[in-house]
Amino acid sequence: MGLRTAARDVLKKVFGESFYADLRNLYRNARYGDRSKPQARVSMDLNHEAPEPQWKEVGASTYKWVPTSQAKEALPDAVEESRVAPADFETDLSEEQSRTLLCEKFLVQDRFLIDYVDKSGNTTRRPIRVEEVYAYDDGVFVLRAWCLLRKAYRTFVSTRIKGCRDAFSKEMVFDLLSRLRKRSLSDPGNVAQEILDGMTLEIVISIYTLMHYSTGKGYEKRFVSGKKKNALADWVLKQSKAESLLGSLDADQYSEMEELLRESIGDIKVTQSSYESCARALKRTRYVFSSNDGYEVRRQDLILFVEKALEGEAARDIALTRLKQDLLDPSFCIGREVDVDKFTEEFSKVKKDSKKAEKKYKRKKKSEVVSKQYRRYERGEPIRLLAIEVAQRNLQQCLDDDRLLFGKDEFEECVMREVESSFSEEELKKAGEMFRKRCGAGLSTAYCSFGLRKEKRSWFTDSRGKSWLDLKTRIGA
């Protein structure tokens, strides 16, 4: 229950329903003008033009004030709560294909009752628990939520949500995306994920360097645990990228976020190809247009951390020598060509790990456990992980080839096709509509870790409607 709802309930109990209604109407008349009849607020009429103060605009939603007698007619038709789960394939695949690929993904937990129109035009009222939001530049967003009717995770496109109410208070939610973004700031899982995404390069390189030269047993052993896991987590939490996100958390939320971050770092296994793509993205190059090279600071800080974490180990000197060569020597080429056999072998193990994680969350029955295990599964989802790796590798290749300005849509489609080629038809069919979303979320993470930012005009649309990527905004960031 929100603070406003709680305050309203207290006032009703203290003063009574009738006196509370008089107070409310007095306030509305004072704010919006003296009217003979009380007013009600409805949304979704975006074409009508009226002078202030009849209209209030919040985000992408436009609100219209109308007499109470007209409010029921103006609101969307209420749909009785469904008792039968809707049919499969609720999403329009042609609509999905027409949507841009790049999307921002953030985590948030919230409960709603939505009136949802499927691709066949059928409307049902759906009780859902939101877990993930995929937000696109055109204002459309997609909810990935646990559907209490389906007893499974489903996706809901914002353009098909006819009405939305809070699941507990039953109040109308008019600006759904703003509410979800605000709540995501205090979601420990989302804060942990943002920190991990922002530190992708350093985390992958650290794990590989800390474990590869000491175990020598390949992918299965390239993960950190015990003291090394805690040392890496402590170092990550001290970075400025992490500290900037922690201010929104209270003590309990911080503790939960820290636990999730340590668990996430312990879950990461590093393939040879993912290490090479991250090392190339962080590597010192001749392309430095700024006297303040932020990447040089990141490289030196990472080397100092690895040096301290490997103190007393026999493999320390070998690991440090190779790391310095990979990150600081511009003339040394890191895995320019992917070892196809090694990649295929290790990526098949990534898929197996993902299937185990999927089975684990599907076996759970308690909603909070299902949610925790689902998020854990999504962190290691191979489509997103591969999209990050492929995008980073291709961005660095463009930089090496002096291609600093190139078509964004063409680049992203190339990345998606390369990712697609690593999955069988059966695997792609099973992923369904989530394939593009996970690819888009992976691209967003890759841009972020590579130093590209929308607010820095790293990608933009020209006067003819063509989208471009500009790598010069990354250099020296």
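Here are some worked exercises on the predicted model shown above.

**Exercise 1. Getting your bearings**

Task: Find how many helices and strands the protein chain has, and what share of its residues count as buried.

Solution: Start with the elements: the protein chain has 19 helices and 11 strands. Next, take burial: of the 477 residues in the chain, 48% count as buried. Finally, look at how contacts span the sequence. Among those between residues at least 6 apart, 70% join residues at least 24 apart.

**Exercise 2. The five-stranded sheet**

Task: Work out the strand order of the open sheet of five strands, then find its edge strands and the helix that packs on it.

Solution: Step one is the order, which reads E7-E6-E5-E4-E8, with antiparallel pairing. Step two is the edges: strand E7 (152–157) and strand E8 (161–166) each pair on one side only. From one strand to the next, the twist averages 45°.

Now zoom in on one pair. Strand E4 (residues 104–117) and strand E5 (residues 123–135) run antiparallel and are joined by 12 bridges. You can check the register at Glu104, which stands opposite Ala135 in E5.

Last comes the helix. Helix H5 (residues 176–184) packs on this sheet and touches E4, E5, strand E6 (141–147) and E8. The direction of H5 makes about 140° with that of E4.

**Exercise 3. The three-stranded sheet**

Task: Do the same for the open sheet of three strands: what is its order, and which helix lies across E9, E10 and E11?

Solution: The order here is E9-E11-E10, again with antiparallel pairing. Strand E9 (405–407) and strand E10 (459–461) are the edge strands, each pairing on one side only. The twist averages 30° from one strand to the next.

For the pairing, look at E9 and strand E11 (residues 467–470): three bridges join them. Within that pair, Phe406 stands opposite Leu469 in E11. Then add the helix: H17 (residues 408–420) lies across E9, E10 and E11, running at about 70° to E9.

**Exercise 4. Two helices meeting**

Task: Describe how helix H14 and helix H16 cross, and which residues meet there.

Solution: First, the geometry. The axes of H14 (residues 340–363) and H16 (residues 382–400) come within 10 Å, crossing at roughly 145°. Second, the residues: from H14 come Phe343, Phe347, Val350, Lys351 and Ser354, and they meet Pro382, Leu385, Leu386 and Glu389 in H16. Third, sort them by class, and you get six nonpolar, one polar and two charged residues.

**Exercise 5. Into the cores**

Task: Find which residues have the most contacts inside the largest nonpolar core, and follow Val419 outwards.

Solution: The largest nonpolar core has 77 residues, and Leu261 and Val419 have the most contacts inside it. H16 gives the most to this core, with nine residues. Now pick Val419 and skip its neighbours within four places in sequence: Val419 is in contact with Ile383, Leu386, Ala387, Val390, Phe435 and Cys439. Apart from this core lies another, of 29 residues, including Ile114, Val142, Ala145 and Leu180.

For a last step, try Leu428, which sits in helix H18 (residues 425–431). Beyond its neighbours within four places, Leu428 is in contact with Glu420, Phe423 and Phe435. The C-alpha atoms of Leu428 and Ile383 are 9.7 Å apart, although 45 residues separate them along the chain.

**Exercise 6. Asn190 and Gln239**

Task: Decide for each residue: is Asn190 buried or exposed, and is Gln239 buried or exposed?

Solution: Recall the cut-off first: buried means under 20% relative accessible area. Asn190 has 2%, so Asn190 is buried. Gln239 has 15%, so Gln239 is buried too.

Then place them. Asn190 lies in helix H6 (residues 188–198), whereas Gln239 is found in the loop between helix H8 (226–237) and helix H9 (240–243). Now list the contacts, not counting residues up to four places away in sequence. Asn190 touches Phe106, Leu107, Ser184 and Arg375, while Gln239 touches Met199 and Asp301.

One of those partners leads on to helix H15 (residues 367–379): Arg375 is buried there, as are Val370, Ser371, Gln373, Tyr374, Tyr377, Glu378 and Arg379. H15 has 13 residues and reaches 19 Å from its first C-alpha to its last, close to the 18 Å expected.

Conventions. Residues numbered from 1 in each chain as written. Predicted model: local features only at pLDDT ≥ 70, side-chain atom pairs only at ≥ 80, totals over all residues. Heavy atoms only, no water. Pairing = 2+ DSSP bridges. Helix = DSSP H or I, 4+ residues; strand = E, 2+ residues; numbered from the N terminus. Axes fitted to C-alpha atoms, helices over the stretch in contact; angles between N-to-C directions. Contact = heavy atoms within 4.5 Å. Nonpolar A, V, L, I, M, F, W, Y, C, P; charged D, E, K, R; others polar. Buried < 20%, exposed > 50% of the residue type's maximum accessible area, 1.4 Å probe, protein only. Expected span 1.5 Å × (residues − 1). Core = buried A, V, L, I, M, F, W, Y, C linked by side-chain atoms within 4.5 Å.
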